[in-house]
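Colleague: Please take a close look at one part of this model, namely its internal space, and set out how that part relates to its surroundings.

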Amino acid sequence: LDRLVIIDCQFWRSDRSGIDLLRSAGRLESNDFWDCRVSISSNDGVGLVVERNYLRESKDNGIYITRSSQNFDATIVRDNKVYTVNNASGGSGQFGNGVVAFLANNVIVSNNQIINCNYSAIRSNASSNILIEGNELMSARECAIFVEAPDDVVGLRLDDLVEFGRCRSDLRQLGAVRNRAILNPSQRVDGQQQVGAFFIQIVES
């Protein structure tokens, strides 16, 4: 679906997604979400703009940008307010995040206010060329920004893949020790992909 526009709508108490898009482009703006399983979900979109939405009490994730395989996506997530994200479905981090990019390249997450997530405020998994800047991230129980397996190409500098800028975090009140964590960077040994569970950057709060 091309040039989709959804503005000034309310989505409450959905046991699936408030908005669930497949192969769509367009704009989601100034909508109100409350008590949805996932407030906004986009699968295989291109150039979707998600801006100035108000998300409260998401059950699993706030804004979820995913693809069926790693590829160009270019969704822009900006100026949203995301308050309280639980992980009702459990898991070890796939739920409970404010904004998630999974297999989605060239996503921009900027100038959002994300408060009180059971896992991370912003989570990027197997995505490249992600720009994360100007966000206010508070009270995340895992860490403010979690980046896992940013690319499978050997030789790329990590700061070419992920940019952090002007992010403010207040994690100390919940006992978190990491403001940023980058897990499972790409490494190959004898031509085989190694997926180790180790941190290559930890910034103390």
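Modeller: A cavity is a set of grid points where a 1.4 Å probe fits but cannot get out, whereas a pocket is an open set. The volume of either is the space filled by probe spheres set on the points. The model under discussion is predicted.

By this criterion the structure holds one cavity of 30 Å³ or more, and the largest cavity encloses about 30 Å³ of space. Its lining consists of V99, V100, A101, V109, I122, R123, S124, I130 and I132. Two or more of these residues come from each of the strands β12 (97-105), β15 (122-125) and β16 (130-133). By class, the lining comprises seven nonpolar residues, one polar residue and one charged residue.

The largest pocket offers a second view of this region. About 160 Å³ of space lies in that pocket, and 13 residues line it. Those nearest the centre of the pocket are N61, Y64, Q94, F95 and V100. V100 also appears in the lining of the largest cavity. The elements giving two or more residues to the pocket lining are β9 (61-72), β12 and β15, and β12 gives the most, with three residues. The pocket lining divides into five nonpolar, five polar and three charged residues.

The nonpolar packing brings β12 into the account again. The largest nonpolar core has 32 residues, and L28, I63 and I114 have the most contacts inside it. Among the elements that give two or more residues to this core are β9, β12, β14 (113-117) and β16; β12 again gives the most, with three. I114 links the core to the cavity lining: leaving aside residues up to four places away in sequence, I114 touches V82, G98, V99, A121, I122, E136, L137 and M138. Of these contacts, V99 and I122 are also listed among the residues that line the largest cavity.

L28, another of the core residues with the most contacts, leads to a set of paired strands. Strand β1 (residues 4-7) runs parallel to β4 (residues 26-29), joined by four bridges, and I6 stands opposite L28 in β4. On β4, three bridges also lead to the parallel strand β7 (residues 49-51), where E29 stands opposite E51. Strand β1 is itself one of the elements that give two or more residues to the core.

Definitions and conventions
Residues numbered from 1 in each chain as written. Predicted model: local features only at pLDDT ≥ 70, side-chain atom pairs only at ≥ 80, totals over all residues. Heavy atoms only, no water. 1 Å grid on protein atoms, 1.4 Å probe; cavity = no way out; pocket = protein on both sides within 12 Å on 5 of 7 lines; lining within 4 Å. Nonpolar A, V, L, I, M, F, W, Y, C, P; charged D, E, K, R; others polar. Pairing = 2+ DSSP bridges. Core = buried A, V, L, I, M, F, W, Y, C linked by side-chain atoms within 4.5 Å. Buried < 20%, exposed > 50% of the residue type's maximum accessible area, 1.4 Å probe, protein only. Contact = heavy atoms within 4.5 Å.
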